[in-house]
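Here are a few notes to read with the structure open. Take them one at a time and find each spot as you go.

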Amino acid sequence: MNDDVEAVRQRRDERENRYNEFVGLLARHDQSIRRFIRSLLPSREGVDDVMQETALECWKKYDSFQPGHPDDATDEFIRWACVIARYKVLSWQRDRQRDRLVFRESVVSKLADEAIGHVQHRERQRQAVEACLDSLQVDDRRLVLSVHAPGQSVARLAAETGQQVRRLYSRVNALRKRLLDCVQQRLAGEVAHG
């Protein structure tokens with residue numbers, strides 16, 4: 001009896017962990033998937049519907065999603081979700097074939113092939129920026145991020161911290177240059193190593 005209760009609890013916990021993992025991946029890559037869908041449709045109409053259908057289908061099939069290596073889960077999830085999104089776009093378009101503003105299936109396929117490359121490239125850029133931000137000293141990282149926060153500016157930060165505006169601009173510009181160099185080196189290294 002206790003074994004049955006424990007087994008049920010274990011399955012429930014595993015299911016809950018998988019759900020949390022799925023929601024985390026979907027939330028993290030929602031915008032990338034949404035941009036991918038948008039690139040396959042002739043207008044913004046239908047993007048929300050297709051995104052919703054894609055998310056539901058991804059969850060239904062999530063048990064079959066098995067990344068080869070845990071470090072590759074992010075890249076593989078985007079690729080996997082975009083394949084599902086591609087079929088959802090085709091299905092959405094088939095339902096609206098009477099409308100003149102739908103792409104032929106061959107056009108959607110060609111657009112999907114190109115768009116998945118863009119999605120993966122943007123993800124590699126995002127990962128490179130995160131890694132380079134992590135390599136900065138805590139104060140430097142905080143400064144760079146706070147300058148780009150909504151409603152914030154170098155002049156305002158200078159006034160708040162009592163620093164000279166010119167000196168703070170120079171420091172921010174130097175940090176941006178370091179970040180740019182770091183990101184370019186990381187991306188170039190990926191290209192060199194395949």
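How many residue pairs are in polar contact across the interface of domain 1 and domain 2? The rule finds 2 such pairs, with both residues at pLDDT 80 or more. Keep in mind that this is a predicted model.

1. Let's start with the layout. The domain assignment splits the chain into domain 1, residues 1-135, and domain 2, residues 137-193. Their C-alpha centres lie 32 Å apart, and the contact takes 10 residues from domain 1 and 10 residues from domain 2.

2. Now the interface itself. About 870 Å² is buried between domain 1 and domain 2, and carbon and sulfur atoms give 70% of that area. Across this interface the rule finds 1 salt bridge as well as the polar contacts. On the side of domain 1 that touches domain 2, you'll count 5 nonpolar, 2 polar and 3 charged residues.

3. Have a look at Asp134 and Arg141 too. Their side chains meet in a salt bridge, with 2.7 Å from N to O.

4. On to the rings: the structure holds 10 aromatic pairs. One of them joins Trp59 and Tyr62, which are stacked, 6.2 Å centre to centre with 25 degrees between the planes. Trp59 is partly exposed, at 23% relative accessible area, whereas Tyr62 is buried, at 0%.

5. Why does the pair of Phe65 and Phe77 count as edge-to-face? The ring centres of Phe65 and Phe77 are 5.7 Å apart and the planes sit at 85 degrees, so the pair gets that label; the cut-off for edge-to-face is over 60 degrees.

Notes:
Residues are numbered from 1 along each chain as its sequence is written. Side-chain values use heavy atoms; hydrogens and water are left out. Domain bounds come from an automatic or database domain assignment. Contact means heavy atoms within 4.5 Å. Buried area is the accessible area (1.4 Å probe) that two parts lose on being put together, summed over both. A salt bridge is a side-chain nitrogen of Lys or Arg within 4 Å of a carboxyl oxygen of Asp or Glu. A polar contact is a pair of N or O atoms within 3.5 Å; within protein, one must be able to donate a hydrogen and the other to accept it, and residues adjacent in sequence count only if both atoms are side-chain atoms. Ala, Val, Leu, Ile, Met, Phe, Trp, Tyr, Cys and Pro count as nonpolar, Asp, Glu, Lys and Arg as charged, and the others, Gly among them, as polar. Rings of Phe, Tyr and Trp (its six-membered ring) pair if their centres lie within 6.5 Å; planes under 30 degrees apart count as stacked, over 60 as edge-to-face and the rest as tilted. Buried means under 20% relative accessible area, exposed over 50%, partly exposed in between (1.4 Å probe, protein chains only).
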